[in-house]
Amino acid sequence: MFITFEGIEGTGKTTQIKLLKDWLEESGRDVIITLEPGGSRIGKELRKILLNMDSTDITGECELFLYLADRAQHVSQVVRPALEAGKVVISDRFADSTIVYQGYGRGLDPKLLRELNDVAVCGHWPDLTILLDIEPEMGLKRAMTRNLHENKMQEEGRFEAESLDFHGRVREGYLTWAALNNERIVVVDATKTPDAIFVEIKAKIEEFMLDRG
Ligand code: TYD
């Protein structure tokens, strides 16, 4: 089973992913957590370029292809082998991030991005995607506090430094994309407490597993 988490910055994805891993492991499943960008060795190098504040001269197309390159490597070296070994794979961001950030956020065509993603994911679209939804003002405030606290603004802050307008488009893009793909993407209100959010996520996953038999 392949589960991905999506959302703008500061939605609390990391906390929910850890809770989910523990819960699935308690029921006897073998689980790996991975992420994009940076889920593979080569991906870690790409992540440095993609998120560093100094990458101001990167073009939209270059950014797009680096995310897709990161994904192709990640799928073939991490995601696919783990799925083939019968593990549950949980990825912090995946293909929907490209459609939403580079598409709805930067203005590239989401349909074209869906097709380019088909090349990168090699048949491995997620079974289930949890979209944590929050207003950009609130999310950005949380993400900025975390980056400052962990001293990561220079190395990882390029997207947090984007305008509120950009993050607004990304948030709306996620909701539009989720509505178009509601058989796979479920939207969860991320303004609730972490415990309340997790109760909702568990319910969605149980429902999904039941449907699947
Ligand atoms: P990260 O620090 O992992 O952000 P977060 O903690 O919010 O998940 O940074 C990843 C950034 O890269 C994030 O701002 C979204 C962006 N991104 C894209 O623009 N396109 C993509 O395809 C992916 C995977 C991420």
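User: Before we get into α8, what counts as buried or exposed here?
Analyst: Buried means under 20% relative accessible area, exposed means over 50%, and partly exposed sits in between. Keep in mind that this is a predicted model.

User: OK, so which exposed residues are on the face of α8 turned away from its buried side?
Analyst: That face carries D165, A179 and L180.

User: And which residues of α8 are buried?
Analyst: F166, H167, V170, R171, G173, Y174, W177 and A178. They cover an arc of only 160° around the axis, so they lie on the same side of α8.

User: What do they pack against?
Analyst: A mix of strands and helices: β1 (2-6), β4 (128-133) and β5 (185-189), plus α4 (95-105), α5 (110-121) and α6 (136-149).

User: How far apart are the end C-alpha atoms of α8?
Analyst: 24 Å, which agrees with the span expected for its 17 residues (164-180) at 1.5 Å a residue.

User: Switching to the sheet: what's the strand order?
Analyst: β2-β3-β1-β4-β5, an open sheet of 5 strands with parallel pairing. β2 (31-35) and β5 are the edge strands, each pairing on one side only. On average, neighbouring strands are turned by 20° against each other, ignoring direction.

User: How many bridges join β1 to β4?
Analyst: 4, with the two strands running parallel. One bridge pairs T4 with T129 in β4.

User: Where does α8 lie on those strands?
Analyst: Across β1, β4 and β5, running at about 145° to β4. Helix α9 (residues 194-212) also packs on the sheet, touching β1, β4 and β5, and its direction makes about 160° with that of β5.

Technical notes: Residues are numbered from 1 along each chain as its sequence is written. This is a predicted model: local features need pLDDT of at least 70, side-chain atom pairs count only at pLDDT 80 or more; totals for chains, interfaces and linings use all residues. Side-chain values use heavy atoms; hydrogens and water are left out. The expected span of a helix is 1.5 Å times one less than its number of residues. Buried means under 20% relative accessible area, exposed over 50%, partly exposed in between (1.4 Å probe, protein chains only). The arc is that of the directions from the helix axis to the C-beta atoms. Contact means heavy atoms within 4.5 Å. Two strands pair if DSSP finds at least two bridges between them. Axes are lines fitted to C-alpha atoms, for helices over the stretch in contact, and angles run from 0 to 180 degrees between N-to-C directions.
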